[in-house]
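I opened the notebook to look up a few features, one after another, and to write down what I found for each.

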Amino acid sequence: MVRASLSRALLSDYFILGLAGVYLLGMAPAVPGLLSPLNLANLAEIALPLMVLAMGQTLVLMTGGIDLSTTSNVALCSVIGGMIMSGADEVLAGSALAMPVGVLAMLATGALVGLINGLSVARGGIPAFMVTLIGMLLLSGLAVRLTRSLPISDLPDAFVAISGTAGVALAVVLPVLVVGHLVLSRTVAGAWLQSVGQNAAAARVVGIPVERTVMLAYVACGVCSALAAILLTARLESASPVLGQRMLLDIVAASIIGGTSLFGGRGTIRGAAFGAILVCVVTNSLDLVGLTFAVVMLSKGAVILAAAALDAFRSRLLAKAEGSA
Amino acid sequence: MTAPPPALSLQGICKSFGKVQVLHDVDLTLPLGQTLGLVGENGAGKSTLLNILGGNLPINAGTIALGGLDYAPTGPADAERAGVAFIHQELNLFENLSIAENFFLTRFPHRGPRVWGVIDRHETRERTREFLQRVGLAHDPDTVVGELSSGEKQLVEIAKALSVSARVILFDEPTTSLTRHEAARLFDLIAELQAQGQAMIYISHDLDDVLKICDEIAVLRDGHLVRQGARDEWDADLLVQAMVGRKIESLFPSRDLTARSEVVLEVEGLTAPGRFEGVNLSVQAGEIVGMFGLVGAGRSEVLRGIFGLDETTTGRVRVGEGLVAHRTPRRMMERGVALLTEDRKRDGLFAISSVSRNFGIANLGAYARNRLGWISRERQDRAVTRLRDAVQLDSSVRENQMIRTLSGGNQQKVIIGRWLVRNPQLLLLDEPTRGIDVGAKQKIYQLIGEQAAAGSGVLVVSSEIEELIGLCDRIVAMRSGRVVAEYPTRPFDREEILRAAIQG
């Protein structure tokens with residue numbers, strides 16, 4: 001009885017969210033200021049872009065691929081947006097059009113990068129790992145070249161306001177996550193995505209457009225990168241060619257901790273979002289303790305490893321629960 | 001003077017998984033030098049029994065004696081040391097290693113002191129060669145296993161069993177992935193081993209093979225031993241009756257052979273270089289057409305070519321009235337065509353998805369509530385409930401259960417149901433009953449018959465000639481990528497069809 005309910009709790013999608021909550025409460029006495037309103041707002045600010053990125057990554061992981069170029073895509077989108085919007089002698093300096101054009105250009109850039117990734121993987125048949133590893137290099141190089149490695153500041157106030165309060169960012173991110181979750185779990189397109197990653201050959205037999213589905217996953221991931229770039233750039237109040245540089249492990253970890261399989265076919269947006277929250281809570285608490293960067297990295301690595309091990313354990317439990325049925 | 005103990009004797013074997021008892025008090029005896037056939041439906045407990053003997057599972061009660069000595073293996077390696085060799089249904093060889101490496105992976109002959117870990121390649125090769133010769137394989141021991149055919153891999157496994165001088169060899173469905181030639185070769189080898197006094201246990205769904213090969217046959221049903229008896233005491237009908245616990249009147253549906261005229265499939269000169277050439281075929285509404293040929297004759301390829309899964313270079317395919325150019329699975333589905341592929345695991349199942357999803361995946365459009373593709377769970381659930389009755393899915397199967405946890409027969413029912421729900425006017429079926437038990441087979445034949453009676457055309461590919469003879473209204477034979485003969489009406493001459501398919 002106890003064991004049954006314990007394993008049910010372990011298998012629930014909300015387990016990771018619960019874990020984040022327990023961690024937060026458990027660490028609160030040891031970490032001063034962890035639960036202060038200021039820090040909670042800060043926590044939301046760093047968690048929201050990560051949730052969006054984890055959602056994009058999950059869609060790609062579901063197809064059995066991976067997008068390593070996502071953080072470089074964030075940097076490139078940021079730089080493109082900055083170049084269009086900045087008041088310092090850039091294209092649309094001071095114009096009222098600066099912000100809408102800039103945001104659209106960022107989204108278009110992200111989508112285009114995703115499309116190129118998707119085409120290379122689905123049509124070109126190049127392994128996703130290679131395509132996006134190369135993409136990571138090329139996009140980073142491009143972002144640095146475009147800015148001569150200097151950040152671009154003086155962005156329109158309306159744009160900066162997106163991250164001015166956590167409320168606005170939340171109002172942007174939450175609908176995106178909800179729509180993503182519903183599309184994946186309740187629509188034909190979502191069913192295609194799950195099927196393609198599990199067994200592409202079988203998917204082809206039942207008439208699923210395999211290549212198109214894979215391509216769309218990469219495009220969606222690109223758009224998510226652009227959205228995260230908007231949030232991060234606004235928060236920083238400047239566009240930077242090294243934006244999001246250290247986030248790649250966090251993104252993949254959030255997705256995997258949230259129950260996404262690296263082998264494709266299994267994953268949920270809800271899980272990825274909860275995974276992102278857990279990763280952010282851990283990072284934030286370690287930052288607050290005032291450890292050196294090296295120790296933060298070590299501790300974070302250990303925590304993510306533990307979470308991944310726990311996930312492996314959950315998968316075995318799931319297989320067992322299914323097998324005995 | 002007492003008689004020598006049997007090669008293997010099992011007494012009162014019980015085995016449970018959790019609360020479910022899968023073996024009840026099973027007694028079996030394998031006399032020295034004999035072959036014991038083990039038959040039963042899927043889930044009867046055959047594989048569990050073999051896994052116990054192979055050291056993969058412990059028993060809950062009972063005793064096993066191997067050559068008169070207590071036998072309680074702690075694992076597969078222990079079983080192998082004791083002299084029990086397990087030839088797995090899904091071959092257990094490392095595809096990336098050579099034959100010799102597979103042979104000696106855990107016990108390479110060494111050069112110099114053992115701790116240096118230097119393999120004696122020459123010795124390895126020579127000893128491997130010796131055992132390969134015994135099973136009639138002329139391959140170089142350095143050949144990479146991945147390059148061998150299924151039949152050759154099987155022979156390698158047997159040679160490996162011989163190399164450890166096994167007291168008992170266990171065969172689990174050894175012929176499922178073999179061509180007819182390869183199976184014949186396997187039977188020759190088994191006969192030779194029998195002549196040498198090798199004790200063996202042989203599990204198969206193919207009752208004819210079991211009746212041909214085995215000295216003794218035991219039937220399991222629902223984890224109970226129904227009876228063990230000498231071969232002479234059994235025939236195919238008695239075996240089936242013992243397996244399912246009732247008499248099966250007829251495996252095949254009765255056919256109403258009224259005249260038909262409406263053509264649902266017309267294939268003219270279809271060609272895919274290297275696979276098949278100039279294939280002409282037609283299927284009428286309500287007709288079941290069988291396509292017989294050896295593995296490799298190009299039968300599956302023709303089905304895949306018609307369905308637009310593989311490219312074809314020339315030739316025309318007409319479905320109903322219309323010519324279909326640029327065939328893709330999607331276009332063919334829109335015209336009411338369905339394809340059941342040969343290999344469930346490879347291109348049929350979405351293994352970690354639910355039974356419902358596997359049912360619904362070919363018909364998602366019908367469950368969509370609007371143009372955004374929002375799936376109506378209610379519509380899908382209704383279809384699934386209807387289907388599970390139609391295909392008689394076991395009542396223990398839950399709709400949200402992962403499909404990979406189902407038995408082969410239930411999986412196949414789900415995958416056939418996936419297509420039947422579309423009510424196709426043309427069903428292309430590739431080995432529809434491979435690796436499933438008699439009860440499920442009968443149900444699937446019945447479903448095919450019903451679909452034809454409702455006016456669909458059916459084209460069935462099978463390696464089992466009996467299946468086609470029992471099921472079909474017309475049979476075509478293929479050899480080396482060509483249609484070589486057609487047998488338009490019953491009764492069919494088994495020998496003649498076989499000859500056409502085999503002789504060049």
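Before starting on side chains, I noted the cut-offs: a residue is buried under 20% relative accessible area, exposed over 50%, and partly exposed in between. I also kept in mind that this is a predicted model.

Entry 1, aromatic pairs. I looked up the ring pairs over all chains and arrived at a count of 5. In one of them, Tyr14(A) and Phe274(A), the ring centres are 5.4 Å apart and the planes stand at 45°, so I entered the pair as tilted. The two partners are 260 residues apart, since Tyr14(A) sits in the loop between helix H1 (2-11) and helix H2 (15-27) of chain A, while Phe274(A) belongs to helix H13 (residues 269-289) of chain A. Tyr14(A) has a relative accessible area of 44%, which lies between the two cut-offs, so I wrote it down as partly exposed. Phe274(A), at 11% relative accessibility, counts as buried.

I then turned to Phe252(B) and Tyr445(B), an aromatic pair that is also tilted, with 4.6 Å from centre to centre and 35° between the planes. This pair, too, links distant parts of its chain, 193 residues apart: Phe252(B) is in the loop between helix H8 (236-244) and strand E13 (263-272) of chain B, and Tyr445(B) is in helix H16 (residues 438-453) of chain B. I found Phe252(B) partly exposed at 22% relative accessible area, whereas Tyr445(B) is buried at 2%.

Entry 2, a charge over a ring. I found that Arg227(B) lies over the face of Trp234(B), 4.3 Å from the ring centre.

Entry 3, a helix of chain B. Is helix H1 of chain B enclosed by the rest of the structure or left open, and why? I found 6 of its 8 residues (46-53) buried, so the helix is largely enclosed. The buried residues are Lys46(B), Thr48(B), Leu49(B), Leu50(B), Ile52(B) and Leu53(B). After H1(B) comes Gly55(B), with a positive phi near 85°.

Entry 4, chain B as a whole. I recorded 18 helices and 22 strands, and I noted that 52% of the 504 residues count as buried. The radius of gyration is 25 Å, which agrees with the value near 23 Å for a compact globule of 504 residues. Along the principal axes, the C-alpha atoms fill a box of roughly 75 × 50 × 50 Å. Among contacts between residues at least 6 apart in sequence, 66% join residues at least 24 apart. Lastly, I entered an accessible surface of about 22,500 Å² for chain B, with 47% belonging to carbon and sulfur atoms.

Methods
Residues numbered from 1 in each chain as written. Chains lettered and ligands numbered in written order. Predicted model: local features only at pLDDT ≥ 70, side-chain atom pairs only at ≥ 80, totals over all residues. Heavy atoms only, no water. Buried < 20%, exposed > 50% of the residue type's maximum accessible area, 1.4 Å probe, protein only. Helix = DSSP H or I, 4+ residues; strand = E, 2+ residues; numbered from the N terminus. Phe/Tyr/Trp six-rings, centres within 6.5 Å; stacked < 30°, edge-to-face > 60°. Lys NZ or Arg CZ within 6 Å of the ring centre and 35° of its normal. Rg over C-alpha atoms; globule rule 2.2 N^0.38 Å. Contact = heavy atoms within 4.5 Å. Areas by Shrake-Rupley, 256 points an atom, 1.4 Å probe, with all protein chains shown as cover.
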